[in-house]
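Here's a chain to look over before we get into it. Have a scroll through the sequence and turn the structure around a bit, then read on.

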Amino acid sequence: MQPLLRLWHSTIGKKIAMAVSGILLVGFLVTHVVSNLAIFSNPEHLDAWGRFLRSTGPLLWMARIGLIFLAVIHIVAAIQLMDRDAEARPAEYAKAGQAGSRWLALGMRVGGLLLFVFLVVHLMNLTWGSWHPAFEEGKVGQNVIILFTAWPMTALFYIVAMGALGLHLGHGVWSFFQTMGWNHPAWNAIRRPLALFLAITIAGGFALIPLAFWMGWGW
Ligand code: HEM
């Protein structure tokens, strides 16, 4: 435990914690986007997936607690690194050539904050049903359809948030390799394309659903 705590208190330890928690959260996003896309074949497929998840009982709760833990680690490490960065080099970013990094860092923070707000709104909409025009427990597909049909501005908010998710993933996945020290020339060639691929397929896959409402593609 002691070595783990010592690692957590170091700057590199926090960067590793951010990278590893981030990549595990990407794993959750992959399963979530794949199961969501089943709505295009039949909205009831989402109900079946929801029933299956609930049938796993304590396993579902363990996964939820794991996700919350990862999100807390990711956010706390980000805030602490931000503070350390501000303390360590208050004037350095003013130099020419550092402006790009400053904008990138600002974009990651603002994007991260928007994603946090999105997540709270999203859980209120589709998990707790506390902010939804006609939420029905277990009717997962129908809840999505009614939400975006009755409140089109919510669909627009989801599309904007998925834009932020794409940008966050694009830089986050690339940074993961950097932090883990996987910058061998063999990896370098695929780092940027892999980050771009994951960002576009994950965020684009999610965005397709609210987009479908605006484009009149179905339902
Ligand atoms: C257009 C995009 C999205 C749609 C249509 C969507 C849809 C849904 C639906 C229908 C549920 C309820 C599932 C059920 O009760 O069985 C859900 C739960 C959830 N979603 Fe999303 N989702 C989207 C994007 C996202 C994103 C980008 C994130 C993370 C940043 C996310 C995180 C979650 C979480 C954490 C839950 C709760 C899982 C649980 O504890 O049961 N979702 N989503």
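What follows is a quick walk from the overall fold to the core, the salt bridge and the surface.

## The model and its fold

First things first: this is a predicted model. The mean pLDDT of the protein chain is 93, with 96% of its residues at 70 or more. Confidence is highest in α2, at a mean of 98, and lowest in α5, at 93.

As for the fold, you're looking at eight helices and zero strands, so to speak an α-α-α-α-α-α-α-α run when read along the sequence. The C-alpha trace spans about 50 × 40 × 35 Å along its principal axes. Of the contacts with a separation of 6 or more, 64% are between residues 24 or more positions apart.

## Inside

Out of 219 residues in the protein chain, 30% are buried. The largest nonpolar core has 30 residues, and the ones with the most contacts inside it are F148, M162, L165, L169, I202 and F206. Helices α2 (11–37), α5 (99–126), α6 (140–150), α7 and α8 each chip in at least two residues of this core.

L169 makes a handy place to zoom in. Setting aside neighbours within four places in sequence, L169 touches V26, L29, L198, A199 and I202. I202 is also on the list of residues with the most contacts inside the core.

## The salt bridge

There's just one salt bridge in the structure. R109 pairs with D85, and their closest N and O atoms sit 3.9 Å apart. R109 belongs to helix α5 and D85 to helix α4 (residues 58–88), so the pair ties together parts 24 residues apart in sequence.

Are the two partners buried or exposed? D85 has 18% relative accessibility, so D85 counts as buried. R109 is partly exposed, with a relative accessible area of 37%.

## Outside

The protein chain exposes about 13,300 Å², and carbon and sulfur atoms supply 73% of that. On this surface there's a nonpolar patch of about 1,000 Å², made by L37, F40, M153, L156, V160, L208, W214, M215, W217 and W219. The elements giving two or more residues to the patch are α7 (152–179) and α8 (185–215).

One patch member worth a click is M153, which lies in helix α7. Its relative accessibility is 57%, so M153 counts as exposed. Helices α7 and α8 turn up on both counts: they give residues to the patch, and they supply residues to the core as well.

Conventions
Residues are numbered from 1 along each chain as its sequence is written. This is a predicted model: local features need pLDDT of at least 70, side-chain atom pairs count only at pLDDT 80 or more; totals for chains, interfaces and linings use all residues. Side-chain values use heavy atoms; hydrogens and water are left out. Patches are made of residues with over 30% relative accessible area and no salt bridge: like charges are joined within 9 Å, nonpolar side chains (Val, Leu, Ile, Met, Phe, Trp, Tyr) within 5 Å. Accessible areas come from the Shrake-Rupley method with a 1.4 Å probe; for residues, only the protein chains shown count as cover. A salt bridge is a side-chain nitrogen of Lys or Arg within 4 Å of a carboxyl oxygen of Asp or Glu. Helices (H or I, at least four residues) and strands (E, at least two) are DSSP runs, numbered from the N terminus. Buried means under 20% relative accessible area, exposed over 50%, partly exposed in between (1.4 Å probe, protein chains only). A nonpolar core is a set of buried Ala, Val, Leu, Ile, Met, Phe, Trp, Tyr and Cys residues joined through side-chain atoms within 4.5 Å. Contact means heavy atoms within 4.5 Å. pLDDT is the predictor's confidence in each residue, from 0 to 100.
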